[in-house]
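Morning, everyone. Let me put the model up, and then we'll walk through a few spots in it.

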Amino acid sequence: MKKIFLFSVLVFLTIQSQAQEGLHTRIHHQYQSQRALGMGDAFVAVANDYAALFYNPAGLARRQDGQINMSLELLGAKSFADFAKDLDNASKTQGNDQAKYDAYSSFLKQNYGKTFMLRTGLFEGIWVRPGWGFGILPADVTVEYKIHDNVAPAINARVYADSTIAYGYGRDLKGLVPGRLSWGTTAKFVNRGYFNRQVSAWDLVGDSKVVKDTDLREGYTADFDLGLLYTPELPSDGIWYTFKLAKPTFGAVVRNTLDYGFGQSLKLLNKNKTEAPERLYRVLDLGMKFEYPSMWIFGGRGALDIRDIGHPNFSSRKALHAGLEFDWTVSNWWKGSYRFGVNQGYPTFGVSALLFMFNLDFVTYGEDVGTYDSPKENRMYAVKLNIDI
């Protein structure tokens, strides 16, 4: 236990903060669970489903059965479709370059200060078993546009196109402390396509495409996460009995432990660009959770996380994640959940329903895309279609 603790502390203390490029202040997470987002993205100490592979691999040590999840998901700001449509209309402006510039400039000024986002996860598959898990995320794509007008109207565009293969392993550490202590690690290979560029109104006059293939960076890396879960042993009588029913559990994860960046490229997306994509960033996540006493078909849990400690865009507001989850279970093939939470200072809500092996997740959440001194909400809506076996 001491060796693992010291290793985690040393990893955290060697974090080197690097300022992100451009005007983007949002913290990008390589993988997001719709269930976790519904409860404020507080999941470090919960980690009791297939998403443990990416949120806290120590949860794999506590699995009692297997689970296979295959999914399609779409997340987006409600205004993204309107923005894309208006941009296309501006590109159809007739006349000389000055007329086209005026159309683009007017359009961008109308959206000054706004952020537009879209994220898709295509054909993702995760298989977990007691003690291990395997996942393939072939196309996790995020598009983020931020409109500004510092010198001239422009779009600060950032795109992530990640393909990930991951393997996780988890076991209990017995006899070290009273209670149950579990550890886990997820090794992952990530190939990233990345775009980060300011596109001005004059750039759009020359080419109406915001994201150009020739500006796409590409690289791959191998890294691993290291996680812990601890459920203390509590007395069965006295005042502590109430806490025993709640089953308090504490979690910690060091993500992207090596954090040496995307130094090599397979050149699958761009054969000419040699500049490396944005790195994954080594961060520390801490969390705790408690269970509600089960009543008839109902149960649930609450969770609180402090995440992304050490990230260049870290702030106390962005770090705070908290949520509640309420389950109902009629049988193992008919069940669902309702979730409420706070993510980076903004409310979240989620609902899930499972019928046989078909599961539908819906969530809306807000995230902070403002500066340290001036927080600003980006409201997202997401739906996920799952086959859950």
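Start with D41. It sits in the loop between helix 2 (34–38) and helix 3. Helices here are DSSP runs of H or I, at least four residues, and strands are runs of E, at least two, numbered from the N terminus. A word on the source: this is a predicted model, where local features need pLDDT of at least 70, side-chain atom pairs count only at pLDDT 80 or more, and totals for chains, interfaces and linings use all residues. Residues are numbered from 1 along each chain as its sequence is written, and side-chain values use heavy atoms, with hydrogens and water left out.

Back to D41. Its phi is near 60 degrees, a positive value in a residue other than glycine. Most residues other than glycine have a negative phi. Is D41 buried or exposed? Buried, with a relative accessible area of 1%. Buried means under 20% relative accessible area, exposed over 50%, partly exposed in between, using a 1.4 Å probe and protein chains only.

D308 also has a positive phi, near 65 degrees. This residue is in strand 9. D308 counts as buried too, at 3% relative accessibility.

Next, helix 4. It covers residues 80–91, 12 in total, and reaches 17 Å from first C-alpha to last. That is close to the 16 Å expected at 1.5 Å a residue, the expected span being 1.5 Å times one less than the number of residues. Which residues of helix 4 are buried? F80, F83, L87 and A90. Seen down the axis, they fall within an arc of 85 degrees, so they line one face of the helix. That arc is taken from the directions from the helix axis to the C-beta atoms. The face turned away from the buried side carries exposed A81 and K85.

Now the empty space. The largest pocket has a volume of about 1400 Å³. Of its 46 lining residues, R35, N48, D49, R63 and R301 are closest to the centre. A pocket is an open set of points on a 1 Å grid over the protein atoms alone, with protein on both sides within 12 Å along at least five of seven lines; a cavity is a set where a 1.4 Å probe fits but cannot get out; lining residues have an atom within 4 Å of a point.

Cavities of 30 Å³ or more number five in the whole structure. The largest holds about 270 Å³. Closest to its centre, of 20 lining residues, are H28, H29, Q30, R255 and N256.

Definitions and conventions: Grid points are joined across faces, edges and corners, and a volume is the space filled by probe spheres set on the points.
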